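Please open the model in a viewer and keep the sequence at hand. The tour below proceeds by selections, each followed by a description of what is found there.

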Amino acid sequence: TIQQAIQQNRLFVTDFAPLQAAVASETAPGWQKGKPLMAPLALFVKTDNFPGLLPLAIQLGQSPNSPLYLASESGQPGKQYQWLMAKTFLQSADLNLNQVLNHICFTHLIEEAFAVAMQRRLAWQHPLYCLLQHHFAALLVINQAGVLTLINSTGIVQQILEGGVSGSFQLIENAYKDWTFDD
């Protein structure tokens, strides 16, 4: 039961709330053009007979009256397509949030500041320089190539991510507002 799963710490939630604060560009590839991005919530359970997490429910928005889809109803006639649709929207939100925030923002863009600081402030003999130089070896080149091929009006971000370039930049800007050096 849900109550048992709660007591056994087997329930997990994914919350894509940051997406709702970004508006997709008018030329973005999805149906959300010019609209706030869909920010689903999903509930998962960890069972003993499956190595991963099993989805239980997907809500396609942050408000209490957003559409809610249950895995338990996916076998009912007509409901299997609704469940498939909800999982597809959840996958899209996951891809958008992870690529824009976790990958581009919190990996490439923030690491670039550290790579530049390492080059400018640490002697080449410094232990941190020795440790980090291999990690940062091609970062600036990769980031510049990313600007030329990914993050522009005709780039891959504009072509495949739901928010397009402007929506993705809004996500990054919003994330930086809450980010601190300690992060």
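Which residues make a nonpolar surface patch of about 250 Å²? Select Leu150, Ile156 and Ile160, for these residues make the patch. Please bear in mind throughout that the model is predicted. Within the patch, Ile156 belongs to helix α5. With a relative accessible area of 40%, Ile156 is partly exposed, because the partly exposed class lies between 20% and 50%.

**Helix α6**

Next, select residues 164-178, which form helix α6. This helix has 15 residues and reaches 22 Å from its first C-alpha to its last, close to the 21 Å expected. Colour Gly164, Val165, Gly167, Ser168, Leu171, Ile172 and Ala175 to see the buried residues of α6. Then display α2 (79-121) and α5 (156-160), which are among the elements that cover those buried residues. An α-helix has 3.6 residues a turn, so residues three or four places apart point the same way.

**The nonpolar cores**

From Leu171, proceed to the largest nonpolar core, which has 28 residues. Leu19, Ile58, Leu101 and Leu171 are the members that touch the most other members. At least two residues of this core come from each of β2 (41-46), α2 and α6. The element that gives the most is α2, with nine residues.

Now centre the view on Ile58. Leaving aside residues up to four places away in sequence, its contacts are Leu41, Ala42, Pro67, Leu68, Tyr69, Trp83, Ala86, Lys87 and Leu90. A second core, separate from the largest one, has five residues, including Ala115, Met118, Tyr129 and Phe136. In soluble globular proteins, nonpolar side chains tend to be buried together.

**The salt bridges**

How many salt bridges does a search of the whole structure find? The search finds two.

For one of them, select Arg10 and Asp48, whose closest N and O atoms are 2.8 Å apart. This pair links distant parts of the chain, 38 residues apart. Arg10 lies in the loop between α1 (2-7) and β1 (11-15), and Asp48 in the loop between β2 and β3 (53-59). Arg10 counts as partly exposed, at 21% relative accessibility, whereas Asp48 counts as exposed, at 70%.

For the other, select Lys79 and Glu73, where the closest N and O atoms are 3.7 Å apart. Lys79 is partly exposed at 29% relative accessibility, and Glu73 is partly exposed with a relative accessible area of 26%.

**Two further residues**

Return to helix α2 and select Ile110. Is Ile110 buried or exposed? Ile110 is buried, with a relative accessible area of 11%, because the buried class covers values under 20%. Beyond residues up to four places away in sequence, Ile110 touches Cys105, Tyr176 and Trp179. A distance drawn between the C-alpha atoms of Ile110 and Asn143 reads 11 Å, with these positions 33 residues apart along the chain.

Finally, select Leu11 in strand β1. Leu11 is partly exposed, with a relative accessible area of 22%. Its contacts, not counting residues up to four places away in sequence, are Ile2, Ala5, Ile6, Leu43, Phe44, Val45 and Leu56. To end the tour, draw the distance from Leu11 to Phe181: their C-alpha atoms are separated by 31 Å, and the two residues are 170 residues apart along the chain.

Methods. Residues are numbered from 1 along each chain as its sequence is written. This is a predicted model: local features need pLDDT of at least 70, side-chain atom pairs count only at pLDDT 80 or more; totals for chains, interfaces and linings use all residues. Side-chain values use heavy atoms; hydrogens and water are left out. Helices (H or I, at least four residues) and strands (E, at least two) are DSSP runs, numbered from the N terminus. The expected span of a helix is 1.5 Å times one less than its number of residues. Buried means under 20% relative accessible area, exposed over 50%, partly exposed in between (1.4 Å probe, protein chains only). Contact means heavy atoms within 4.5 Å. Patches are made of residues with over 30% relative accessible area and no salt bridge: like charges are joined within 9 Å, nonpolar side chains (Val, Leu, Ile, Met, Phe, Trp, Tyr) within 5 Å. Accessible areas come from the Shrake-Rupley method with a 1.4 Å probe; for residues, only the protein chains shown count as cover. A salt bridge is a side-chain nitrogen of Lys or Arg within 4 Å of a carboxyl oxygen of Asp or Glu. A nonpolar core is a set of buried Ala, Val, Leu, Ile, Met, Phe, Trp, Tyr and Cys residues joined through side-chain atoms within 4.5 Å.
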